[in-house]
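Me: Here is a chain I would like to understand locally rather than as a whole. Please pick one part, go through it closely, and then say how it sits in the rest of the chain.

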Amino acid sequence: SRLGGQEKDGGFNYTGGAINQNQVQFVNIPAKCTINIFTTTGDLVASVRHISGTGDEPWYLVTDNNQRPVSGIYLCHIRNDSAPSEVKMLKLVVLR
């Protein structure tokens, strides 16, 4: 499977409706993977461990320092824990 959305379509814009406004849903990810979210200058914003075995994982838009990220572009590094050489980089836009 491809990491992080449908590559041929350029990814997903998941609105989630009114209830899920403060989350990003990573879809089509490996059963066990690590998602690291960075600023464009390379600062680690959050690490999300996906261990549930499903193909999706939410990020509730809270940094590892328990703050809300500001509007901007973020880089997401998704690493398959079962095959560490399988990685995918994605761009994520947060608008507040």
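Reply: Strands here are DSSP runs of E with at least two residues, numbered from the N terminus. In those terms, Asn 28 is found in the loop between β1 (24-27) and β2. The model is a predicted one.

The part taken here is the end of strand β3, and the setting comes before the detail. The chain contains six strands and zero helices, and its elements run β-β-β-β-β-β from the N terminus on. Four of the strands make an open sheet in the order β3-β2-β5-β6, paired in the antiparallel sense. Its edge strands are β3 and β6 (87-94), each of which pairs on one side only. From one strand to the next, the twist averages 20 degrees. In general, strands of a sheet pair through backbone hydrogen bonds, in a parallel or antiparallel way. For the pair formed by β2 (residues 33-39) and β5 (residues 72-80), the sense is antiparallel and there are seven bridges. Within β5, Leu 75 is the residue that stands opposite Phe 38.

Now the end of β3. This strand covers residues 44-50, and His 50 lies in it. His 50 counts as buried because its relative accessible area is 0%, and buried means under 20%. The side chain of His 50 has two polar partners to note. One is a backbone atom: the oxygen of Ala 31 is 3.3 Å from a polar atom of the His 50 side chain. The other is a side chain: His 50 and Glu 57 are joined by a polar contact of 2.7 Å.

The wider surroundings of His 50 come from two stretches of sequence. With neighbours within four places in sequence left aside, Ile 29, Pro 30, Ala 31, Lys 32 and Cys 33 are in contact with His 50, as are Asp 56 and Glu 57. Ala 31 thus appears both as a contact of His 50 and as the residue whose backbone oxygen faces the His 50 side chain. Glu 57 likewise is on the contact list and is the partner in the side-chain polar contact.

The next residue to consider is Ile 51, which lies in the loop between β3 and β4 (56-59). Ile 51 counts as exposed, because its relative accessibility is 56% and the cut-off is over 50%. Ile 51 touches Ala 31 and Lys 32, residues up to four places away in sequence not being counted. Both of those residues are also contacts of His 50. Ile 51 can further be placed against Thr 34: the two are 17 residues apart in sequence, and their C-alpha atoms are 8.6 Å apart.

On the other side of His 50 in sequence is Arg 49, which belongs to strand β3. Arg 49 is exposed, given a relative accessible area of 53%. Arg 49 forms a salt bridge with Asp 81, whose closest N and O atoms are 3.5 Å apart. This pair links distant parts of the chain, since Asp 81 sits in the loop between β5 and β6, 32 residues away from Arg 49. Asp 81 is partly exposed, at 24% relative accessibility. A second salt bridge runs from Asp 81 to Arg 79, again with closest N and O atoms 3.5 Å apart. Arg 79 is partly exposed, with a relative accessible area of 28%. Through shared partners, the salt bridges join Arg 49, Arg 79 and Asp 81 into one network. The count of salt bridges comes to two.

Two loop residues have an unusual backbone angle. Most residues other than glycine have a negative phi. Asn 28 has a positive phi, near 55 degrees, and counts as partly exposed at 30% relative accessibility. Asn 66, in the loop between β4 and β5, also has a positive phi, near 60 degrees. Asn 66 counts as exposed at 66% relative accessibility.

Some totals for the chain complete the picture. Of its 96 residues, 33% count as buried, and His 50 is one that is buried. The chain exposes about 6,100 Å², of which carbon and sulfur atoms supply 51%. Taking contacts between residues at least 6 apart in sequence, 47% join residues at least 24 apart.

Definitions and conventions
Residues are numbered from 1 along each chain as its sequence is written. This is a predicted model: local features need pLDDT of at least 70, side-chain atom pairs count only at pLDDT 80 or more; totals for chains, interfaces and linings use all residues. Side-chain values use heavy atoms; hydrogens and water are left out. Buried means under 20% relative accessible area, exposed over 50%, partly exposed in between (1.4 Å probe, protein chains only). A polar contact is a pair of N or O atoms within 3.5 Å; within protein, one must be able to donate a hydrogen and the other to accept it, and residues adjacent in sequence count only if both atoms are side-chain atoms. Contact means heavy atoms within 4.5 Å. Two strands pair if DSSP finds at least two bridges between them. Axes are lines fitted to C-alpha atoms, for helices over the stretch in contact, and angles run from 0 to 180 degrees between N-to-C directions. Accessible areas come from the Shrake-Rupley method with a 1.4 Å probe; for residues, only the protein chains shown count as cover. A salt bridge is a side-chain nitrogen of Lys or Arg within 4 Å of a carboxyl oxygen of Asp or Glu.
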